[in-house]
Amino acid sequence: MTAARKPRVALFATCLADTLYPETAKAVLRLLERLGCEVDFPLGQTCCGQMHYNTGYRDEALPLARRYAEVFDGYDYVVAPSGSCAGMVREIHPGLCGPSSAVERTYELSEFLVDVLGVTDVGAYFPHKVTYHPTCHSLRMLGVGDRPLRLLREVRGLELVELPQAEQCCGFGGTFALKNAETSTAMLADKMRCVQHTGAQVLTAGDNSCLMHIGGGLSRLRTGVRAVHLAEILASTEEHPWVATP
Amino acid sequence: MGRNPVTWLGSPTFPRAARTALGDTQLRTNLRKATTTIRAKRARAVAELADWERLRRAGEAIKNDVLANLDTYLVRLEEAVTARGGVVHWARDAEEANRIVFDLARAKGADEVVKVKSMATAEIGLNEYLRARGVRPVETDLAELIVQLGNDRPSHILVPAIHRNRSEIKEIFSRAMAEPPDSDDPRVLAEAARRHLRRRFLSAKVAVSGANFAVADTGSVVVVESEGNGRMCLTLPETLITVMGIEKLVPTWRDLEVFLQLLPRSSTAERMNPYTSVWTGVTPGDGPGEFHLVLLDNGRTATLADEVGRQALRCIRCSACLNVCPVYERTGGQAYGSVYPGPIGAILAPQLAGDMTDKQAASLPYASSLCGACYEVCPVRINIPEALTHLRARAVEARPKHTAEALAMSSAGWVFRDPRRYEAAQRAGSLSRFLAGSDGTIKRLPWPGSKWTSTRDVPAVPKESFRMWWRRNRG
């Protein structure tokens, strides 16, 4: 990347982070600014429409996809802290309402850091034992590969431990967690067993949705393992360390 | 026309059937063991081929060509089979196909037919049809025999008895066989089955088979199997009746090369399957003297009309998608209430049944977390997640518009369409903090949120959303 002009990045917080996990969105903002981006948060943004689309309500998803293309038009890049929402935008939006510059410039956070900014060492400090769950849409829909792991390996103080059967779905699946609650819970139970087996203090992933599911289970069982979004780990530094929010 | 029996009549919807399966710890243990083993073996077998991706794309392209030109290829097949002394029958639905088979068996005076495992005949409920009319169908595939003797239903495409372990099998055999096995040693069990079946092979006058492939150019029909029992069925009886879905065609003999690599590695994780039987019409003095090919539609033409859904017809029944599916691994195949379980069943069964107003059929496309593992392994690149969401949209269209879910979805859509309404909803949601405990999480929500909080905490909506923070600090 040439340093001639700061890239203008629009932060697509996703409705989930905006509403339930604002610390994740703040972390993306801090991180991207630290890495020399000019970050904007267009207030017209709401939701990518994934919940509607995946549950079969296409007519409800369509205006949201159109809104996305309008709101994020004109930026150099759009960055989302979610493989799932970025996947929805890149893979599904064009089929719903045609191609748009906003869709073409949309990146999941780890893709943007590694592919666009060309960094793996983002100057982070996070002195905890961490295991990483590659969420299904990051892994299979977007194909982010080992980018999150390459970023995590460069974090000072962080001890990375491998998650057994990492590539198995955690059982969230959007409305699947409600429509097939028992099956979802059975999948969650196995995922939690794997997480606890690692002895990690922190479980991280690139999607708050899966973290909400696994973290909600870990919290219910009082395991003491915290679910923390990848962005919050990467934003954490010695000067401004990550602080657990309730 | 009666109800298309591709889904088992009266089966509960997937979530209800899954609940039963999830409570069966023996079933879950059997399934986990079996799928974990086959998953690892498949990955190794596939990794051996440097051109696997190209093979997948070739398989996809050949099948797409077949589907796009099905009319031409089917007529070509009929001509080739007829020219070699076979007889071709066309069946629009299960009833027609069943009647054709029954009439042929009766014309031969057979009160018993031997069968090589066939998904098509399971799909149309042929066994039940024949039994009701006094003809005894005898399954000769070992796993299918276990299911039949146990008065059970299959739970896997390739391994119908995957949900049974060997001590359960010994019990089933002991109850049903003249010479019961004296231990649950696999070799003893296999020997008991062999003795049991040998008598049937030698006495049967009529055999019924399915087909993995048929070659349009030559009229050759192909069955791929592991045990050799299929070959006994295909060669010993005087009359052979093959029931085949119309999509099982390949244009030329050369095209088989692609599928004979894709299928065994994907299904049994073998480089090549032990038995590949090919027959073309009849040959005097060798094998059956009469050959009938029943070409079965049963919802396939209607499926073909659906631009997204039709890709399910590329399926070669390898069952790789079942073996990697995290939902199938927990629930087993019977929860799908259909002869086609797992991810492929979730998109194929509702389409073949052709009735999205049926609650059970409409529940199947939702029996997935959309994790995409099935698409990753599919040897003919069926984009199952895409088809699942497509069929969910069809299910929603077929449902009444005033369900609680539809109302929740349309009000959520209304909120998301306008940032002001959205922010107002965030502010209202932050009232949920009053439901939270001292740790900031909510342990119990009213229905339908209770479906979440029965096993998971949920964070309360924070006082300040990100957008409120942004406006306060950066706006």
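Which side chain of chain A does B:Arg19 meet in a salt bridge? In this predicted model, the partner is A:Glu182, and the nitrogen-to-oxygen distance between the two side chains is 2.8 Å. That pair offers a convenient point of entry to the interface of chain A and chain B, across which nine salt bridges are found. The criterion asks for a side-chain nitrogen of Lys or Arg within 4 Å of a carboxyl oxygen of Asp or Glu, and the pair of B:Arg19 and A:Glu182, at 2.8 Å, meets in this way.

From this single pair one can step back to the side of chain A that touches chain B, where helix α11 of chain A, spanning residues 181-198, provides the largest share, with ten residues. Sorted by class, this side of chain A consists of 29 nonpolar, 20 polar and 13 charged residues. Taken as a whole, the contact involves 62 residues of chain A and 65 residues of chain B, and the area that the two chains bury between them comes to about 5,600 Å², of which 58% lies on carbon and sulfur atoms. Polar contacts accompany this burial, with 37 residue pairs counted between chain A and chain B when both residues are at pLDDT 80 or more.

We turn next to the strands of chain A. Four of them form an open sheet with parallel pairing, in the order β2-β1-β3-β4. Because β2 (38-40) and β4 (106-108) of chain A stand at the edges and have a single partner strand each, one side of each is left without a neighbour in the sheet. From one strand to the next, the twist averages 35 degrees.

The sheet can be followed strand by strand, beginning at the edge formed by β2(A). Strand β1 of chain A, residues 8-11, pairs with β2(A) in the parallel sense over three bridges, and here A:Val9 stands opposite A:Val39 of β2(A). On passing to the next pairing, β1(A) is joined in the parallel sense to β3(A), again over three bridges, with A:Ala10 having A:Val78 in β3(A) as its bridge partner. Strand β3 of chain A, which covers residues 77-80, in turn runs parallel to β4(A) and is joined to that strand by three bridges; within this pairing, the bridge partner of A:Ala80 is A:Glu108 in β4(A). With β4(A) the path arrives at the other edge strand, and the order β2-β1-β3-β4 has been traced across chain A.

Conventions: Residues numbered from 1 in each chain as written. Chains lettered and ligands numbered in written order. Predicted model: local features only at pLDDT ≥ 70, side-chain atom pairs only at ≥ 80, totals over all residues. Heavy atoms only, no water. Contact = heavy atoms within 4.5 Å. Buried area = accessible area lost by both parts, 1.4 Å probe. Polar contact = N/O pair within 3.5 Å; in protein donor to acceptor, adjacent residues only side chain to side chain. Helix = DSSP H or I, 4+ residues; strand = E, 2+ residues; numbered from the N terminus. Nonpolar A, V, L, I, M, F, W, Y, C, P; charged D, E, K, R; others polar. Pairing = 2+ DSSP bridges. Axes fitted to C-alpha atoms, helices over the stretch in contact; angles between N-to-C directions.
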